[in-house]
Amino acid sequence: MTLSKQRDKSEYILEVENVKKYFPIKKGVFSKQVGAVKAVDDVSFKLRKGETLGIVGESGCGKSTMARLIIRLLDVTEGLIKLDGKELTSLPKDELRATRRDIQMVFQDPFASLNPRWTVERTLLEPMRVYNIGTKSERKEKVADLLNKVGLDPSYAKRHPHEFSGGQRQRIGIARALVLNPKVIIADEPVSALDISVQAQVINLMQDLQEQYNLTYMFITHDLSVCEHISDRVAVMYLGKIVELASKDQLFYNPRHPYTLALISAAPEVNAVQKKERIVLKGDVPSPANPPKGCAFHTRCPNCMDICKVETPTLNEKEPGQFVACHLF
Ligand code: SF4
């Protein structure tokens with residue numbers, strides 16, 4: 001994919017170039033590799049400082065694997081990931097540890113991601129202790145300050161996770177992500193486990209914090225209305241590939257890719273002017289272990305042509321800033 005027309009390099013905090021993650025499928029007593037699950041297949045995008053890039057797609061499209069590759073919980077099969085110009089994919093372990101503090105994650109299930117035996121204070125102190133940041137009293141001050149910033153009373157610091165509601169726990173998760181002053185925060189479905197009324201509060205909090213700290217977010221969600229609310233740009237993924245990457249307005253008001261159109265048409269709460277009638281996709285998402293030849297979406301696409309069954313479309317810029325992988329354009 002070519003993103004040649006994107007602006008000056010220095011403004012990008014995160015660059016993902018042609019990243020692939022194939023999980024081998026092994027069989028037999030000798031564990032011979034007989035295939036591979038192509039969880040992420042040649043994905044490229046860039047994040048500007050201070051922006052929010054929404055990543056949407058059905059479950060199994062590779063969006064969470066992409067997050068795990070960026071924070072190096074998984075190694076890439078191929079490709080490069082750069083943070084502030086520094087290549088992460090080949091960093092030795094000791095350097096990786098220092099860089100890891102610059103990318104933090106907010107997880108879907110705040111309860112599962114917090115240690116149930118630790119108080120909130122310990123949860124927030126621990127990363128600063130590990131990275132040797134500040135004195136004891138400075139760290140405690142920072143904990144109180146962060147709790148304030150995420151809308152929790154600092155007196156709650158001695159409580160354990162089970163003493164909080166789901167929304168409060170996610171606020172603690174956000175405070176923990178902020179404690180090391182990261183350059184990028186990857187939020188993986190951060191509100192999908194919360195009640196609707198609490199979702200808006202947490203999203204508004206994340207937006208306020210972004211303004212305050214000039215944070216850069218990669219926001220993974222399957223919920224298009226959440227994505228429309230928080231994103232500056234949006235990448236739509238299908239079977240491990242980005243099929244459309246555009247500004248929020250381009251994507252929601254002038255979607256190009258048939259899959260994007262189908263997703264938007266099926267989301268009644270999204271305010272897209274283009275939306276006319278619901279497009280019902282045929283069948284299920286094919287297995288990433290055996291993706292269809294040509295365009296991976298061709299088995300479900302209402303606009304499928306002969307060429308789609310044999311030739312994989314590449315992601316090209318159709319309008320300034322709007323990239324689409326489809327033979328229709
Ligand atoms: Fe549909 Fe063909 Fe475009 Fe794929 S390339 S989305 S099958 S029209």
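This is a short tour of the structure in your viewer, stop by stop. Keep in mind that the model is predicted.

**Stop 1: the two domains**

Start by colouring residues 3-231 as domain 1 and residues 258-329 as domain 2. Their C-alpha centres lie 28 Å apart. Where the two domains touch, domain 1 contributes 13 residues and domain 2 contributes 14 residues.

**Stop 2: helix H5**

Next, select residues 136-149, which make up helix H5. If you like a quick geometry check, take the distance between the end C-alpha atoms: they are 20 Å apart, and this agrees with the 20 Å expected for 14 residues at 1.5 Å a residue.

Now show the side chains of Arg-139, Val-143, Leu-146 and Leu-147, the buried residues of H5. These residues cover an arc of only 100 degrees around the axis, which means that they share the same side of H5. To see what they pack against, add helix H4 (120-130), helix H6 (166-178) and helix H7 (196-213).

Then rotate to the face of H5 turned away from its buried side, where you will find the exposed residues Glu-141 and Asn-148. Before leaving, step just past the end of H5 to Gly-151, where phi is positive, at about 85 degrees.

**Stop 3: aromatic pairs**

How many aromatic pairs does a search of the whole structure find? There are four aromatic pairs. For a good one to inspect, select Tyr-238 and Phe-297, which meet edge-to-face, with 5.0 Å centre to centre and 80 degrees between the planes. Tyr-238 belongs to strand S9 (residues 233-238), while Phe-297 sits in the loop between helix H10 (258-265) and strand S11 (316-319), so this pair ties together parts that are 59 residues apart in sequence.

Are Tyr-238 and Phe-297 buried or exposed? Both are buried. Add Tyr-259 to the selection as well: ring pairs link Tyr-238, Tyr-259 and Phe-297 into a cluster.

**Stop 4: charges over rings**

Finish with two places where a charged side chain meets an aromatic ring. First, centre the view on Tyr-12 and look for Lys-46, which lies over the face of the ring at 5.1 Å from the ring centre. Then move to Tyr-131, where the charged end of Arg-97 sits over the ring, 5.0 Å from its centre.

Notes
Residues are numbered from 1 along each chain as its sequence is written. This is a predicted model: local features need pLDDT of at least 70, side-chain atom pairs count only at pLDDT 80 or more; totals for chains, interfaces and linings use all residues. Side-chain values use heavy atoms; hydrogens and water are left out. Helices (H or I, at least four residues) and strands (E, at least two) are DSSP runs, numbered from the N terminus. The expected span of a helix is 1.5 Å times one less than its number of residues. Buried means under 20% relative accessible area, exposed over 50%, partly exposed in between (1.4 Å probe, protein chains only). The arc is that of the directions from the helix axis to the C-beta atoms. Contact means heavy atoms within 4.5 Å. Rings of Phe, Tyr and Trp (its six-membered ring) pair if their centres lie within 6.5 Å; planes under 30 degrees apart count as stacked, over 60 as edge-to-face and the rest as tilted. A charge sits over a ring if NZ of Lys or CZ of Arg is within 6 Å of the ring centre and within 35 degrees of the ring normal. Domain bounds come from an automatic or database domain assignment.
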